[in-house]
Structure formats: C-alpha cells, structure tokens
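Trainee: I would like to go through the labels attached to this structure and hear the reasoning behind each one. Could we take them in turn?

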Amino acid sequence: MSSAERAGHASRTVVDVGGRPVRLTHLERVLYPESGTTKAAVLHYYSQAAPVFLPHLAGRPASFLRCPEGVAGERFWAKNIPAGAPDWVQTLDVPVHTKSLRQVVVADLATLTWAGNLGCLEIHTPQWQHAPERHDRLIIDLDPGEGTTMLHTCAAALAVRLALADDGLRAWPKTSGSKGIHLIAPLRPAPADMVSGYAKRLAARLRDQYPQLIADNVRRDRTGLVLLDWSQNTGAKTTVAPYSLRAMPTPTVSTPVTWEEIAACEDPAGLVFTPDDVTRRIAEHGDLLAPLLDPATGQDLPQ
C-alpha cells in the first residue's frame with residue numbers, strides 16, 4: 001500500500017452508532033477555518049446535543065445546508081436524500097408542485113452522525129410533522145435589518161410576546177444562531193393557510209403599533225428595522241432547527257434561551273453561543289424548549 005493509500009485509509013473509519021454502521025471520513029478536515037473547528041469536533045457536538053436535538057427533528061423532513069469542504073468552500077442546499085444513503089435512514093415523501101421530494105427524517109443519532117459526516121452543518125425543518133397541510137407550530141422569525149443589532153431584535157421579541165399573549169398564545173424563544181430570534185408557539189394542528197394568515201395579520205398589527213422598530217415586508221427598505229417574517233409559516237418554508245449549528249465564519253448554534261435573558265440583554269454578543277456554550281447550557285438547564293414537545297402544550301390558533 002502506498003503512503004497516499006495509507007493516508008486515505010486512515011481518514012476513513014466505520015463506527016457503530018446505536019447499532020447502525022456509520023462510515024466517517026476526513027475527521028481532521030477543518031470546517032470552520034477561523035476557529036480551527038474540525039469535522040470531528042462538529043460530530044462530537046452533535047453527539048452531545050443529540051438527546052435534546054433529536055426530539056425537535058422527529059417526524060419533520062430535513063433540509064440540509066451542506067458545506068463538504070467547510071464554510072469557506074462551496075455550499076448548497078440538499079432536500080432529496082443523497083445518493084448512497086444507508087437503507088436504514090428514514091425518509092418522508094414531501095409534495096412539491098407536481099412532484100414529490102424524498103427527504104430525510106433525522107430520527108436517531110446514527111442519521112445525525114451520517115448527515116454530519118456529509119458536511120450537513122445546518123438542519124432546517126418546517127412547522128409541520130408528517131403532512132404539510134396541518135401545522136403544529138407558529139414561528140415568528142425576527143430578522144434584523146441593516147443598522148440594527150441583537151438589542152433591537154430583543155426589543156421586537158418582547159413586543160411580539162405581548163401581542164401573542166393578548167391573543168392567548170404563549171411562545172418560547174431561541175436565537176437564530178446569527179443576529180435573529182425565533183419565537184415558537186406550539187399549536188393544536190391547524191390548517192397551514194390559517195396559520196400563515198394569522199402570522200401575516202399579526203405582523204401588520206405590530207408594524208402599525210411599532211413603526212420605528214418592526215417591518216413586515218421583506219421587499220421594502222428595512223434599514224433600522226427588524227423584519228417580522230410571517231412567510232416562514234407557509235408549508236414550503238423551513239427554519240433552522242433548535243440546537244443546529246450555523247454555517248457562519250465561526251461555529252454558532254441556534255440556541256434556546258429564556259425570556260429573562262432576552263429582557264436583560266445589553267450586549268449583542270451576550271446571546272451568541274458556541275457549541276461548548278450550548279453543551280454547558282444543556283447540562284445546566286436541560287432543554288429549554290421541552291414544552292414544545294408536550295402535546296398538552298398545544299394551543300388553539302386565534303380566529
């Protein structure tokens with residue numbers, strides 16, 4: 001065997017993950033050059049986060065942002081199951097216009113490890129399980145425009161919380177892993193168009209109430225404003241999942257937070273979390289979004 005062949009062989013290994021054989025390759029590859037974070041470190045984080053991460057992926061088709069060579073290289077979205085996927089990977093057929101996509105459901109640690117090995121740094125899911133016609137979550141995606149920071153986003157999140165409470169809804173917050181905040185309200189399954197319609201009306205109401213803070217139109221100039229992107233509630237849209245990494249220059253995580261943390265935020269960096277931060281938070285708090293997984297927490301959509 002040549003030295004090149006020995007090096008290639010050394011960079012590949014098969015591990016047992018929950019009784020499933022998972023082939024790992026190039027574990028030494030640096031996926032985040034600014035921090036020196038390797039594929040091995042990414043897989044380690046996902047294994048540590050799996051007990052709280054996987055329940056939020058259950059039953060939901062995954063859309064992957066793949067960065068096989070790392071965040072500085074080519075990146076692309078993958079919805080259809082990749083060629084050569086193990087036969088034990090669960091899938092779901094998702095209708096799209098006149099065809100359907102066969103998408104992966106990340107149902108266990110073996111699937112999460114397999115996806116991570118492919119360079120799937122981000123995992124996004126829709127606001128529904130099993131069928132796109134019925135949504136079990138309302139998502140409020142707060143996206144800061146130019147000239148705003150996480151502090152503006154926190155102020156917008158608190159305003160949205162009050163508006164939701166007025167409508168009888170309770171929401172749980174998480175960071176987007178960038179400058180944004182996502183608020184998630186668990187629902188008793190409701191028609192997709194009704195959920196989207198409510199989100200659109202809510203956004204318009206908040207725009208009128210807070211014209212110097214909140215925008216509701218992605219196409220308008222949003223300088224100095226935080227966009228309330230109500231369109232994330234359409235059946236075809238997806239949102240980064242709780243505990244997913246982001247393909248940023250350095251590894252950050254979409255992290256569950258408390259309302260107290262949002263209200264107390266005085267430094268935009270205070271709500272930016274690395275994988276190590278998140279594993280410590282999990283050890284201390286468990287899953288702050290666990291109520292979303294309890295069917296008893298589901299709420300009726302306001303009329």
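Mentor: Start with a cut-off: a residue is called exposed over 50% relative accessible area, buried under 20%, and partly exposed in between. The model is a predicted one.

Trainee: Why is Ala236 called exposed?

Mentor: The relative accessible area of Ala236 is 69%. Exposed means over 50%, so Ala236 is exposed. Ala236 sits in the loop between β14 (226-229) and β15 (239-240). Its C-alpha atom is separated by 23 Å from that of Gly119, and the two residues are 117 residues apart along the chain.

Trainee: What makes Ala41 partly exposed?

Mentor: Ala41 has a relative accessible area of 36%. The middle class runs between 20% and 50%, so Ala41 is partly exposed. Ala41 is in helix α2. From Ala41 to Val30 the C-alpha distance is 9.2 Å, at 11 residues apart in sequence.

Trainee: Is Asn117 buried or exposed, and how do you know?

Mentor: Asn117 has 8% relative accessibility. Buried means under 20%, so Asn117 counts as buried. Asn117 lies in helix α3 (residues 109-117). Leaving out residues up to four places away in sequence, Asn117 touches Arg23, Leu24, Thr25, Lys39 and Leu43.

Trainee: What is notable about phi of His26, and which class of exposure does His26 fall in?

Mentor: Phi of His26 is near 50°, which is positive in a residue other than glycine. His26 is in the loop between β2 (20-25) and β3 (30-32). With a relative accessible area of 30%, His26 is partly exposed.

Trainee: What about phi of Tyr243, and is Tyr243 buried or exposed?

Mentor: Tyr243 is not a glycine either, yet phi is positive, about 80°. Tyr243 belongs to the loop between β15 and β16 (245-246). The relative accessibility of Tyr243 is 2%, and the limit for buried is under 20%, so Tyr243 counts as buried.

Trainee: How many disulfides does the structure hold, and why are Cys265 and Cys154 not counted as one?

Mentor: The structure holds zero disulfides. For Cys67, the nearest cysteine sulfur is that of Cys120, 9.0 Å away, and Cys67 is in no disulfide. The sulfur of Cys265 has its closest cysteine sulfur in Cys154, at 4.2 Å. A disulfide needs the two sulfur atoms within 2.5 Å, so 4.2 Å is too far for a bond.

Trainee: Are Cys67 and Cys265 buried or exposed?

Mentor: Cys67 is buried, at a relative accessible area of 0%. Cys265 has 16%. The limit is under 20%, so Cys265 is buried as well.

Trainee: What makes a set of residues a nonpolar core?

Mentor: The members are buried residues of certain types, joined through side-chain atoms within 4.5 Å. The largest nonpolar core has 74 residues, and those touching the most other members are Phe53, Phe64, Leu138, Ile140, Leu142, Leu164 and Leu183. Helix α2 (residues 39-53) gives the most to this core, with eight residues. A second, separate core has five residues, among them Trp172, Ile184, Leu289 and Leu292.

Trainee: Which residues is Leu138 in contact with?

Mentor: Neighbours within four places in sequence aside, the contacts of Leu138 include Leu164, Leu169, Leu183, Ile184, Val195, Tyr198 and Asn233.

Trainee: What is the secondary structure of the protein chain, and why is the chain called as compact as a globular protein of its length?

Mentor: The chain has seven helices and 17 strands. Its radius of gyration is 20 Å, and the globule rule gives 19 Å for 303 residues; the two are close, so the chain is as compact as a globular protein of that length. The C-alpha trace spans about 70 × 40 × 40 Å along its principal axes. Of the 303 residues, 51% count as buried. Among contacts with a separation of 6 or more, 69% join residues 24 or more positions apart.

Trainee: Which residues does UniProt list for the domain?

Mentor: The unreviewed UniProt entry lists residues 38-288 as "domain: DNA ligase D polymerase". That span is 30% helix and 25% strand, and its end C-alpha atoms lie 28 Å apart.

Definitions and conventions. Residues numbered from 1 in each chain as written. Heavy atoms only, no water. Buried < 20%, exposed > 50% of the residue type's maximum accessible area, 1.4 Å probe, protein only. Helix = DSSP H or I, 4+ residues; strand = E, 2+ residues; numbered from the N terminus. Contact = heavy atoms within 4.5 Å. UniProt positions renumbered as here; feature names shortened; annotations may be inferred. Rg over C-alpha atoms; globule rule 2.2 N^0.38 Å.
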